[in-house]
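Have a look at the model below and turn it around a few times. We'll start from one residue in the middle of things and work outwards.

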Amino acid sequence: MTIQWFPGHMAKARREVTEKLKLIDIVYELVDARIPASSRNPMIDEIIQHKPRLILLNKSDMADQAKTRQWLDYYKEQGVTALAINSQSGSGLAQITAVSKELLKAKYDRMKAKGIKPRAIRAMIVGIPNAGKSTLINRLAKKNIARTGNVPGVTKAQQWIKFGKELELLDTPGILWPKFEDQEVGLKLALTGAIKDTLLNLHDISLYGLRFLEKEYPERLKSRYNLEALPEEPVELFDAIGTFRGCLAGGGLVDYDKTAELIVREIRSEKMGPLTLEKPSDLQTEKE
């Protein structure tokens, strides 16, 4: 399955981000803690160049905590600062300003040496659609400033938002890359809701999700759908799940469309528990 999605407003967003970069002290790159690598747009490295960066692993409550720790250790080894946050509850957000000050200490020391009065940190927040940027902004501001939604593509324009005297944040629309060279990246993005469902084949997405659960969290899969063992053939697994959950069509046959939709919905809504679809070690495997 080839997933390509690069609406015109995303191309425009990339140009605007590039233009505004000179006004920015630091970039906050928001990624999905469930897919920290796959939810990073490779264009971002090219766009922000050498600006200081803080990676925020959002939705950390939905991710496997042990694997999140692996990712934080990995970024530290790479010389990149990262924080695990939850923009819904506010967990981890109090660290953002303090860590930003540490990353910008040399710059602000130079400003002070020149007699320039300290000003608020100017940050830009970037990330793919549905990473939770608007929710994060509203939580930081303690009020509803940015529009939110559980579908990708809610933010359509840039806006400056002040948070007290210490931080000014530039929100940007989500930027997705034109084509995924690795189709598994597209599947992970689709499974976690970063791509609109109208662009997808839910059978492919649900099958990918089941194969992942079979490999990494088999006991959760068996428990959720009352399975004593996991069938080897995908159609047998679909039949077992569809029958158990009553996803039936005429004549008592399993409705595969309903079953696929159920599986995707339950993975996204944490019915399988907190999940992380990739580990830092996967990156090394890809390089070999």
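Find Leu56 and see who its neighbours are: leaving out residues up to four places away in sequence, Leu56 touches Tyr28, Glu29, Leu30, Val31, Leu83, Ile85, Ile96 and Leu136. Keep in mind that this is a predicted model. Leu56 belongs to the largest nonpolar core, a group of 56 residues, and together with Tyr28 and Leu136 it is one of the residues with the most contacts inside that core. There's also a second core, separate from this one, with 11 residues, including Leu21, Ile24, Ile47 and Leu170. In soluble globular proteins, nonpolar side chains tend to be buried together.

Several of those neighbours of Leu56 bring us to a strand. Tyr28, Glu29, Leu30 and Val31 are among the residues of β1, which covers residues 26-32. How many of the residues in β1 are buried? The count is 7 of 7, so the strand is largely enclosed by the rest of the structure. You can check this on both faces: Ile26, Tyr28, Leu30 and Asp32 point one way, Val27, Glu29 and Val31 point the other way, and every one of them is buried.

Now for the strands that pair with β1. One is β2 (residues 53-58), which runs parallel to β1 and is joined to it by 6 bridges. Here we meet Leu56 again, standing in β2 opposite Leu30. Another partner is β4 (residues 121-127), also parallel to β1, with 5 bridges between the two; in that pairing, Ile26 has Ala123 as its bridge partner. To get from β1 to β2, follow the chain through helix α2 (residues 42-48): the three elements make a right-handed β-α-β unit.

Time to zoom out. The protein has 12 helices and 6 strands, and 50% of its 288 residues are buried. What about the outside? The protein exposes about 14,500 Å², and carbon and sulfur atoms supply 49% of that area.

The chain also brings together parts that are far apart in sequence. Among contacts between residues at least 6 apart in sequence, 69% join residues at least 24 apart. For a pair to look up yourself, try Gly273 and Asp64: they are 209 residues apart in sequence, yet their C-alpha atoms are 8.4 Å apart in space. Gly273 lies in the loop between α11 (256-268) and α12 (280-287). Is Gly273 buried or exposed? Its relative accessible area is 19%, so Gly273 counts as buried, the cut-off being under 20%.

How values were computed
Residues numbered from 1 in each chain as written. Predicted model: local features only at pLDDT ≥ 70, side-chain atom pairs only at ≥ 80, totals over all residues. Heavy atoms only, no water. Core = buried A, V, L, I, M, F, W, Y, C linked by side-chain atoms within 4.5 Å. Buried < 20%, exposed > 50% of the residue type's maximum accessible area, 1.4 Å probe, protein only. Contact = heavy atoms within 4.5 Å. Helix = DSSP H or I, 4+ residues; strand = E, 2+ residues; numbered from the N terminus. Areas by Shrake-Rupley, 256 points an atom, 1.4 Å probe, with all protein chains shown as cover. Pairing = 2+ DSSP bridges. Right-handed = clockwise from strand over helix to strand, strands pointing away.
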